[in-house]
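Here are a few notes to read alongside the structure. I hope the numbered points make it easier to find your way around.

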Amino acid sequence: MFAEIPSYLPWGLTVAALSLVLFQGIAHGRQIRQLKVSLKDRCDILGRELHATTSGSVGVGQRLVACERQLHELRTTLDEMRQNDPLRISYDEASRLVDLGADIDDLMNTCGISRPEAELVSALKKRQAA
């Protein structure tokens, strides 16, 4: 009933199975090496892109700091100009003189302002007093 299995058949099947496992191991090894190379290339590309982005950010940051420094210098200069404005000082002095009772001719002579300006300062001060 049962036919006898030849003695070489198990050895042949074992060799065939081992050959398939070896072939599959070699194929997976190649695939792993390709994936490693691909991953290394992608990491290199991302590294270069990150470096470029970082360099750009640093450049923008430096320009921002320079702009802030210039803005601060301009504000300081503007404040100094406002404090040292001779016209402002003249109007402040004219206003003080009007409080002391000076007339329009006195304002023109003392502060060096024109008649309409002196009249305007005088009128404003009288209006504030009222």
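Which residues make up the largest nonpolar core? Let me start there and then work outwards.

1. **The core.** Please bear in mind that this is a predicted model. Its largest nonpolar core has 9 residues: Ala94, Leu97, Val98, Ala102, Leu107, Cys111, Ile113, Ala118 and Val121. Helices α2 (86-99), α3 (104-111) and α4 each supply at least two residues of this core, and the largest share, 3 residues, comes from α2. As general background, nonpolar side chains in soluble globular proteins tend to be buried together.

2. **Overall fold.** The chain holds 4 helices and 0 strands, so to speak a plain α-α-α-α order when read from the N terminus. Helix α1 covers residues 8-83.

3. **Dimensions.** Do look at the proportions: the C-alpha trace spans about 145 × 30 × 20 Å along its principal axes. The radius of gyration is 47 Å, whereas a compact globule of 130 residues would have one near 14 Å. Buried residues make up 10% of the 130 residues. Among contacts with a separation of 6 or more, 24% are between residues 24 or more positions apart.

4. **Two distances to check in the viewer.** Alanine 16, in helix α1, and methionine 81 are 65 residues apart along the chain, and their C-alpha atoms are separated by 96 Å. Alanine 16 counts as partly exposed because its relative accessibility is 39%, which lies between the limits of 20% and 50%. For the second distance, take glutamate 119 and threonine 53: they are 66 residues apart along the chain, with 64 Å between their C-alpha atoms.

5. **Geometry of helix α4.** Helix α4 runs over residues 115-129, and its 15 residues should span 21 Å at 1.5 Å a residue. The C-alpha atoms at its ends are 21 Å apart, so the model agrees with that expectation.

6. **The two sides of α4.** Which residues of α4 are buried? They are Ala118, Val121, Ser122 and Lys125. These residues lie on the same side of α4 because they cover an arc of only 95 degrees around the axis. In general, an α-helix has 3.6 residues a turn, so residues three or four places apart point the same way. Pro116, Leu120 and Arg127 are exposed on the other side of α4. Glutamate 119 also lies in this helix, and its relative accessibility of 37% is why it counts as partly exposed.

7. **Neighbours of the buried side.** Leaving out residues up to four places away in sequence, alanine 118 touches Ile104, Leu107, Met108 and Ile113. Serine 122, likewise in helix α4, touches Val98, Ile104 and Leu107 under the same exclusion of residues up to four places away. Serine 122 counts as buried because its relative accessibility is 7%, under the 20% limit.

8. **Cysteines.** How many disulfides does a search of the whole structure find? The count is 0. Cysteine 111 counts as buried because its relative accessibility is 11%, and Cys111 is one of the core residues from the opening point. Cysteine 67 has a relative accessible area of 46%, so it is partly exposed.

Terms used
Residues are numbered from 1 along each chain as its sequence is written. This is a predicted model: local features need pLDDT of at least 70, side-chain atom pairs count only at pLDDT 80 or more; totals for chains, interfaces and linings use all residues. Side-chain values use heavy atoms; hydrogens and water are left out. The expected span of a helix is 1.5 Å times one less than its number of residues. Buried means under 20% relative accessible area, exposed over 50%, partly exposed in between (1.4 Å probe, protein chains only). The arc is that of the directions from the helix axis to the C-beta atoms. A nonpolar core is a set of buried Ala, Val, Leu, Ile, Met, Phe, Trp, Tyr and Cys residues joined through side-chain atoms within 4.5 Å. Contact means heavy atoms within 4.5 Å. A disulfide is a pair of cysteine sulfur atoms within 2.5 Å. The radius of gyration is taken over C-alpha atoms; the globule rule is 2.2 Å times the number of residues to the power 0.38.
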